[in-house]
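This report describes selected features of one protein model. Please keep the sequence and the structure in view while reading.

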Amino acid sequence: MSRTLLSLAGFQVILIGRFWVIAEALRAFGVFLCNKCVLVRTQTGALKMDNPIIGGTSSVARTESAALCRLIRLSCATLLFLMALLPAISRAQTQQPAKPTGSEPTPEPAVQAILAAFEKYEVVGMPEAHGLKDVDDFIFSLIRNPAFAEKVNDVAVECGNSLYQPVLDRYIAGEDVPFTEVRKVWRNTTQPMCGASGFFEQLFPLVRAINQKLPPGKRLRVLAGDPPIDWDQVKNYNERLKFDRDAVIASVMEKEVLSKHRKALMLFGTFHLFHGQEINAVSIYEKDYPNLTFVIDELGFFDTDLPSLSSSPLATWPIPSIARAKGTRLGALEFGQFVPAQMTIDKDCTVHYLFPKEPQKPMEDFVDAFLYVGPQDLRLREPLPADIALDIDYRTELRRREALPGLPVGATERLKEIDQAILNSAERPLFVVPKPDIKGMVQSCLDHKNRSNAPQ
């Protein structure tokens, strides 16, 4: 079907091009003939291709035959009409954005598709705990499937401080480790969002419970992928930034999974997982271990803000489902149609894309498949668990970390203000991926710059 459409489009372009050549060749002669019987006026005194005026004021010139003159006038009108129409068609061809080529993606039941991927790949990577409750719930259903432990050895996580890997191993293996000790694994990472996520405080006990029902040789291991930061020793916030997180993740995957030919579910934010980059974890280790990782992404803000549920092209997909990206219409779409590229604005208010370097590339260059968890506008946001909201000691510690010297913007909100924000968040249970307003960002930067430079 796609080849047929491309052939028809190509023939149409050729046909229009040939008509245009004929029209241009006859233009002078046609106007000459027309002027024998009619006077054609335009705004500029010449034929204006973008806005022709056909007819205008006419007067009958002397001819040897009135019938011949009528025939000439009719021919002129037809010619001028074509001359006006063809550029419009040409503009429509050039102005209309090219539609992505490729076949329609074929959705498959998600759990079965991921389990099948482990037959070919050693690692399956997908996002987790970044505010999307539906994805987190799907991961729980995947891990609880009895076939999961038959195919997978490790679960590698972004929200796990590798400093505490020995504690984590003992806890996951079923040893008597106080929960207050093991939760340091996800509460004391370089990423504040980890400690505020209810996903991880459920994930680790879940894997521990699964292992208690498995023979020792089949038990799962959880790998902590975050740098080994010791917050008790951190005196300046910039010390948090000294770690190369992606290099640490890649090192853990190489040492604990790939070199041992183990199978791992890799739960990290998508920017750590993309193929074809230089600075993210998967691309770093793929230099030595290529073609072993199957990357899945959720759909970001694609297919949002629709007038109705039935208007979505995904409306008939099973929930949840996986669809391959390569060679499909969905995979041919540009990166920016799913998630905002990471960017920064310099002191001159110029936007620089940090990752990926070429956001105009199609998504199939970055990921292997998409995860669909239901209508995009009805996805649920992960709420803050009550035990975290009520843990004043931990929240005070988070405030201390945010107030350390070196943080570009110091913490200003008080705990009471944060409590009110938590209460207010209950009014907005739906998950929304913000679309970047690049023009607005640049304008805000320029306004700030102008205020800073204004005489006091």
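## Pockets, a helix and a buried loop residue

The lining of the largest pocket is made up of 15 nonpolar, four polar and seven charged residues. This description, like the rest of the report, concerns a predicted model. The space within the largest pocket comes to about 860 Å³. Its lining comprises 26 residues, and those closest to the centre are Ala196, Leu384, Ile418, Ile422 and Ser425. Three elements contribute two or more residues to this lining: helix H9 (192–195), helix H14 (392–402) and helix H15 (415–425). Helix H15 provides the largest share, with five residues.

The second largest pocket can be described in the same terms. Its volume is about 700 Å³. Of the 31 residues that line the second largest pocket, His130, Gly269, Thr270, Phe271 and Gln342 lie nearest its centre. Both helices and strands take part here: helix H4 (133–144), helix H11 (245–256), strand E6 (293–298) and strand E9 (351–355) each give at least two residues to the lining. The table sets out the composition of the two linings.

| Pocket | Nonpolar | Polar | Charged |
|---|---|---|---|
| Largest pocket | 15 residues | four residues | seven residues |
| Second largest pocket | 16 residues | eight residues | seven residues |

The report now turns to a single helix. Helix H10 consists of 14 residues, numbered 198–211, and spans 21 Å from its first C-alpha to its last, close to the 20 Å expected at 1.5 Å a residue. At the N-terminal end of H10, Ser197 acts as a cap, with a side-chain oxygen 3.1 Å from the backbone nitrogen of Phe199.

Is helix H10 mostly covered or mostly uncovered? The helix is mostly covered, as eleven of its 14 residues are buried. Among these buried residues are Phe199, Phe200, Leu203, Phe204, Leu206, Val207 and Ile210, and the buried set also includes Glu201 and Arg208.

The last feature is a residue in a loop. Val152 is found between helix H5 (148–151) and strand E3 (154–161). Why does Val152 count as buried? Its relative accessibility is 1%, and therefore Val152 falls under the 20% cut-off for a buried residue. Leaving aside residues up to four places away in sequence, Val152 touches Phe118, Leu220, Lys263, Ala264 and Leu265. One of these contacts shows how the fold brings together distant parts of the chain: Val152 and Lys263 are 111 residues apart along the chain, yet their C-alpha atoms are separated by 5.0 Å.

Definitions and conventions. Residues numbered from 1 in each chain as written. Predicted model: local features only at pLDDT ≥ 70, side-chain atom pairs only at ≥ 80, totals over all residues. Heavy atoms only, no water. Helix = DSSP H or I, 4+ residues; strand = E, 2+ residues; numbered from the N terminus. Expected span 1.5 Å × (residues − 1). Buried < 20%, exposed > 50% of the residue type's maximum accessible area, 1.4 Å probe, protein only. Polar contact = N/O pair within 3.5 Å; in protein donor to acceptor, adjacent residues only side chain to side chain. Contact = heavy atoms within 4.5 Å. 1 Å grid on protein atoms, 1.4 Å probe; cavity = no way out; pocket = protein on both sides within 12 Å on 5 of 7 lines; lining within 4 Å. Points joined across faces, edges and corners; volume = space filled by probe spheres on them. Nonpolar A, V, L, I, M, F, W, Y, C, P; charged D, E, K, R; others polar.
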